[in-house]
Amino acid sequence: MNNLSTGKANLEIFSSTLMRLAENDPDILVVTSDSRGSGKLTSFGEKYPNQIVEVGIAEQNLVGISAGLAASGKKVFAVSPACFLTSRALEQIKNDVAYSDQPVKIIGISAGVSYGSLGSTHHSLHDFAVLQAINNIDVIAPADNFETAATIEAAVNYPKPIYIRFGKKPVPDLNSNSSKFEIGKAIQITPEQPQYDVAFIATGETVAQAYMACVALKDKGISSCVLSMHSIKPFDDNAVEHAARKSKVMITVEEHSVNGGLGCHIASHLMRTGVFIPMQIVGIPDEHTITGDQLEIFQHYGLDNEGLTRTALDLLSKRSVT
Amino acid sequence: MKNNSQDKIRMLEKKSILYRRMILKMVVTANVGHTGGSLSCVDILNVLYNHIMDITPANFHEINRDHYIHSKGHSVEALYAVLAERGFYELSELDFVEKFGSKFIGHPSKIVPGVEQNTGALGHGLSVAAGMAIAAKMDGRNNRIFTIMGDGELTEGSIWEACACASHYHLDNLVAAIDRNYLQISGKTEDVMEMEPLEEKFSAFGFTIQHVDGHSIQDLIKVFDGLPFEKGKPNLVIAHTVKGKGISYIENKIDWHHHVPSEEEYRQAILELDEAEEILEKPCVHEYE
């Protein structure tokens with residue numbers, strides 16, 4: 001298994017990838033709600049002043065304007081903090097974009113608890129849940145710089161609405177040069193083995209924590225696999241089912257409410273397909289989120305590598321008792 | 001030069017009567033619908049589609065034509081009537097409005113030929129239209145983007161976000177019309193939420209504004225022919241209308257927001273429209289001049 005090397009923030013990769021793509025594609029537009037700085041798009045605006053539209057702090061208008069631009073043939077990246085974009089402008093996402101089939105790329109920056117101690121107003125722990133329930137919009141949470149760049153490249157000419165969320169902190173590189181990215185296909189970032197003690201199914205910036213837990217467990221003689229479930233919708237049910245059939249226990253990990261996100265989808269799918277496996281859904285519980293930075297919140301709720309390691313050992317011990 | 005002759009005005013006035021017949025038939029056939037609002041805005045739609053806007057079934061898939069977003073999406077029967085008569089689909093298809101499995105949903109949907117954007121939730125159309133207007137400016141196109149909003153709709157905050165944006169980007173290719181009938185589902189607009197003085201509000205947001213009798217074909221033509229009203233400013237037409245216009249017992253009645261006529265009421269409505277048409281058939285004074 002690879003040692004983790006430190007990458008950049010996915011936000012930085014989003015910005016640099018878009019800068020590169022916009023060079024040869026004048027139809028690429030960025031629409032911001034006073035969020036060009038937060039979105040690392042100041043350089044984009046300076047280099048392509050005719051390809052950025054500022055709407056002020058007005059998320060509903062941000063999405064409506066983006067729908068109108070997309071209807072006119074533009075390749076629109078609507079960029080705003082995920083917390084505001086997917087709550088305040090949810091009706092515009094549902095009607096103006098998804099229902100109206102306008103292929104806007106909704107970019108939720110500083111997602112999950114990236115804003116940490118700024119509090120629940122600035123957290124987006126509901127976006128997977130609400131957007132999964134809306135027809136005709138795909139939902140992506142890249143884990144690392146590779147997946148972020150690949151997502152943005154795929155999104156430019158993506159024929160349907162898509163929501164992409166990522167955080168603001170640097171993330172380790174998890175994927176290797178041989179990794180292949182395809183929307184709707186999970187990436188197993190650990191080597192394939194015949195069987196595992198633990199299957200970690202994680203998404204976004206929790207994948208790195210799951211990977212570190214996997215390394216820690218290996219030192220204890222416990223085998224595990226880690227799947228990066230970058231596509232929340234469309235969802236790679238087959239990959240999860242495959243991992244479940246080869247594992248003793250499963251742990252899902254998400255920087256999202258435990259209600260209505262990755263874990264709920266997987267539990268539902270496995271029950272319906274008759275694959276029964278001891279399972280824990282690790283995410284943010286249904287309570288007022290504790291104050292702290294992203295890692296402190298992860299640690300408090302067991303989304304960090306140590307917490308995930310403990311959860312794995314606990315699940316395995318309960319399994320051996322029963 | 002557009003032909004604003006009396007003949008053209010009379011031709012459009014006859015179309016307005018036809019559209020009212022179609023709206024009522026649709027509502028009665030579907031046994032559901034927004035009768036009052038559709039009768040209120042249909043004359044504006046008539047003038048836009050038959051005189052002002054360059055939108056036809058033949059050019060619908062071209063970008064460099066005019067565009068229309070029906071922001072007051074509940075008044076869909078008016079839009080369906082005009083689009084049918086303009087040849088976007090067969091008139092007979094309107095027998096299926098709001099029927100099980102029909103593409104003619106109770107609010108505009110792009111699966112209906114001629115509809116550009118799905119609307120129905122209020123306060124959305126102006127932003128989408130503004131986005132289209134920005135794109136047209138970016139690409140150096142001289143087409144125009146139109147939308148009609150209801151007056152009850154104006155209390156949606158998103159409208160005012162869009163207003164600021166339209167002014168900021170000098171969208172003189174954006175044309176918003178307000179169907180100002182002073183009624184909404186639960187009462188008089190000014191009782192539900194006072195929004196007057198409308199002109200001052202929109203003016204403060206940077207719009208250039210014209211008032212018009214929203215049922216006078218002649219006046220509507222005159223006002224819309226004057227577009228753009230002022231270089232660099234988004235255009236607003238405050239069309240003063242009567243909810244339920246054209247049918248005596250529906251006019252200005254709050255209950256008719258989405259009431260469906262009974263058989264007897266439908267018969268009476270058709271008689272009233274027949275009478276209105278007969279009056280139009282009589283020669284105008286100028287024809288003897």
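**Exercise 1. A helix in chain B**

How many residues does helix 5 of chain B have, and how far does it reach from its first C-alpha to its last?

*Solution.* A word on conventions comes before the steps. The model is a predicted one, in which local features need pLDDT of at least 70 and side-chain atom pairs count only at pLDDT 80 or more, while totals for chains, interfaces and linings use all residues. Residues are numbered from 1 along each chain as its sequence is written, and chains are lettered from A and ligands numbered from 1 in the order in which they are written.

Step 1. Find residues 157–168 of chain B: helix 5 has 12 residues and reaches 17 Å, close to the 16 Å expected at 1.5 Å a residue. The expected span is 1.5 Å times one less than the number of residues. Helices (H or I, at least four residues) and strands (E, at least two) are DSSP runs, numbered from the N terminus.

Step 2. Look at its buried residues: B:Ser158, B:Ile159, B:Glu161, B:Ala162, B:Cys163, B:Cys165, B:Ala166 and B:Ser167. A residue is buried if 20 or more other C-beta atoms lie within 10 Å of its own, exposed if 12 or fewer, and partly exposed in between, with C-beta atoms placed from the backbone.

Step 3. See what they pack against: helix 3 of chain A, together with helix 4 (125–138), strand 2 (145–150), strand 3 (174–180) and helix 7 (198–204) of chain B. Past the end of helix 5 comes B:His170, with a positive phi near 55 degrees.

**Exercise 2. Where the chains meet**

Describe the side of chain A that touches chain B.

*Solution.* Step 1. Count both sides: 24 residues of chain A are in contact with 22 residues of chain B. Contact requires C-beta atoms, placed from the backbone, within 7 Å of each other.

Step 2. Name the elements that give two or more residues to this side of chain A: helix 3 and helix 5 (90–99) of chain A. Helix 3 of chain A gives the most, with 9 residues.

Step 3. Sort the residues of this side: 8 are nonpolar, 12 polar and 4 charged. Here Ala, Val, Leu, Ile, Met, Phe, Trp, Tyr, Cys and Pro count as nonpolar, Asp, Glu, Lys and Arg as charged, and the others, Gly among them, as polar.

**Exercise 3. The sheet of chain A**

Trace the order of the strands and find the helices that pack on the sheet.

*Solution.* Step 1. The open sheet has 7 strands in the order 3-2-4-5-7-6-12, with mixed pairing; strands pair if DSSP finds at least two bridges between them. Strand 3 (52–54) and strand 12 (231–233) of chain A stand at the edges, each with a single partner strand, so one side of each has no neighbour in the sheet.

Step 2. Zoom in on one pair: strand 2 (residues 28–32) and strand 3 of chain A run parallel and are joined by 3 bridges. In this pair A:Val30 stands opposite A:Ile52.

Step 3. Add helix 3 (residues 59–71) of chain A, which touches strand 2, strand 3 and strand 4 (75–81) and makes about 170 degrees with the direction of strand 4 of chain A. Such angles run from 0 to 180 degrees between N-to-C directions, and axes are lines fitted to C-alpha atoms, for helices over the stretch in contact.

Step 4. Add helix 7 (residues 145–156) of chain A, which also packs on the sheet and whose direction makes about 160 degrees with that of strand 7 (162–165) of chain A. Helix 7 of chain A is largely enclosed by the rest of the structure, because 9 of its 12 residues are buried. Among them are A:Phe146, A:Ile152 and A:Ala155.

**Exercise 4. Backbone exceptions**

Which peptide bonds are cis, and which residues other than glycine have a positive phi?

*Solution.* Step 1. Start from the background: most residues other than glycine have a negative phi, and most peptide bonds are trans.

Step 2. In chain A, the bond from A:Lys233 to A:Pro234 is cis, with omega near 0 degrees. A:Pro234 sits in the loop between strand 12 and helix 9 (237–246) of chain A.

Step 3. In chain B, a cis bond joins B:Glu196 and B:Pro197. B:Pro197 sits in the loop between helix 6 (189–192) and helix 7 of chain B.

Step 4. For phi, take A:Asn136, with a positive value of about 70 degrees, and B:Glu98, with a positive value near 65 degrees. A:Asn136 is partly exposed, with 13 other C-beta atoms within 10 Å; B:Glu98 is partly exposed too, with 18.

How values were computed: Two residues are in contact if their C-beta atoms, placed from the backbone, lie within 7 Å.
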